[in-house]
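Work through the exercises below with the sequence and the model at hand. Each task is followed by a solution in steps.

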Amino acid sequence: MNTEIKKVVARVKEAQIQLQKLVKSHDWVEEARKYAERQGKEVKKLFAPDVEKMKGFLEREKKELERFQKQIPGEVKKFKKFVNLQNKEFENLLNNVRKMSETFSGKGSSRRKKITSKKTAPRQNSNNQSREKRTSATSNNSCSADIACCPPYLSSHALR
């Protein structure tokens, strides 16, 4: 058994000597560096087409984004103009509705008096005439302020 142990110790010493020679010679470091360079070149070859595709895609997207960024201020101006026009139109409609409601609220009491005072047959005849006027006015799609063919907020003269 002692002889076997001596043999094992001798082999370990030989391996240690060889290892020290390798460490001191630095050849293995050079070989590892060369191997890493070769592998790096292979990896670059594998990734090069994908990298080129990605660069092309990013360039196209960059150009498109720049084009959109140039368009944004003009679109904002258009939208502001549209909103302002809508706001003015809405204010005009509100003013017309207020005016019409004031005129109809003022005339409403006088109309009631006229209607209550006239309860005869000619009233029916006048209603028939006014119906004819209404139908002709609506068929022409033009309302006049004198003819009450539709509510004031829907009449065309109130919407102008």
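**Exercise 1.** Find the partner of glutamate 75 in a salt bridge, and describe the setting of the pair.

Solution. The model is a predicted one.
Step 1: The partner is lysine 78, with 3.8 Å between the closest N and O atoms. The cut-off for a salt bridge is 4 Å, so this pair is counted.
Step 2: Both residues belong to helix 2, and three residues, about one turn of the helix, separate glutamate 75 from lysine 78.
Step 3: An α-helix has 3.6 residues a turn, so residues three or four places apart point the same way.
Step 4: Glutamate 75 has a relative accessible area of 46% and is partly exposed, whereas lysine 78, at 56%, is exposed. The boundary that matters here is 50%, because exposed means over that value.

**Exercise 2.** Determine which residues are linked with arginine 33 in a network of salt bridges, and give the geometry of each contact.

Solution.
Step 1: The network consists of Glu30, Arg33 and Glu37.
Step 2: On one side, the side chain of arginine 33 meets that of glutamate 30 at 2.7 Å, N to O. The two lie three residues apart in helix 2, which covers residues 27-117.
Step 3: On the other side, arginine 33 bridges to glutamate 37, again with 2.7 Å between the closest N and O atoms. Here the spacing is four residues, so about one helical turn lies between arginine 33 and glutamate 37.
Step 4: Relative accessibility is 41% for arginine 33, 37% for glutamate 30 and 43% for glutamate 37. Arginine 33 therefore counts as partly exposed, as do glutamate 30 and glutamate 37.
Step 5: The total count in the model is three salt bridges.

**Exercise 3.** Compare the span of helix 1 with the expected value, then state what follows the helix.

Solution.
Step 1: Helix 1 runs over residues 2-25, which gives 24 residues.
Step 2: At 1.5 Å a residue the expected span is 34 Å; the distance from the first C-alpha to the last is 35 Å, close to that value.
Step 3: After helix 1 comes histidine 26, with a positive phi near 60 degrees.

**Exercise 4.** Identify the residues of the nonpolar surface patch that includes Ile5.

Solution.
Step 1: Met1, Ile5 and Val9 make the patch, with an area of about 330 Å².
Step 2: Isoleucine 5 is located in helix 1.
Step 3: The relative accessible area of isoleucine 5 is 48%, so the residue is partly exposed. A patch residue needs over 30%, and isoleucine 5 therefore passes this cut-off.

**Exercise 5.** How many aromatic pairs does the structure hold, and which residue lies over the face of phenylalanine 68?

Solution.
Step 1: Searching the whole structure gives zero aromatic pairs.
Step 2: Arginine 67 lies over the face of phenylalanine 68, 4.8 Å from the ring centre.

**Exercise 6.** Summarise the secondary structure and the burial of the chain.

Solution.
Step 1: The chain has four helices and zero strands.
Step 2: Along the sequence this reads α-α-α-α.
Step 3: Of the 160 residues in the chain, 5% are buried. The cut-off for buried is under 20% relative accessible area.

Notes:
Residues are numbered from 1 along each chain as its sequence is written. This is a predicted model: local features need pLDDT of at least 70, side-chain atom pairs count only at pLDDT 80 or more; totals for chains, interfaces and linings use all residues. Side-chain values use heavy atoms; hydrogens and water are left out. The expected span of a helix is 1.5 Å times one less than its number of residues. Patches are made of residues with over 30% relative accessible area and no salt bridge: like charges are joined within 9 Å, nonpolar side chains (Val, Leu, Ile, Met, Phe, Trp, Tyr) within 5 Å. Accessible areas come from the Shrake-Rupley method with a 1.4 Å probe; for residues, only the protein chains shown count as cover. Buried means under 20% relative accessible area, exposed over 50%, partly exposed in between (1.4 Å probe, protein chains only). Rings of Phe, Tyr and Trp (its six-membered ring) pair if their centres lie within 6.5 Å; planes under 30 degrees apart count as stacked, over 60 as edge-to-face and the rest as tilted. A charge sits over a ring if NZ of Lys or CZ of Arg is within 6 Å of the ring centre and within 35 degrees of the ring normal.
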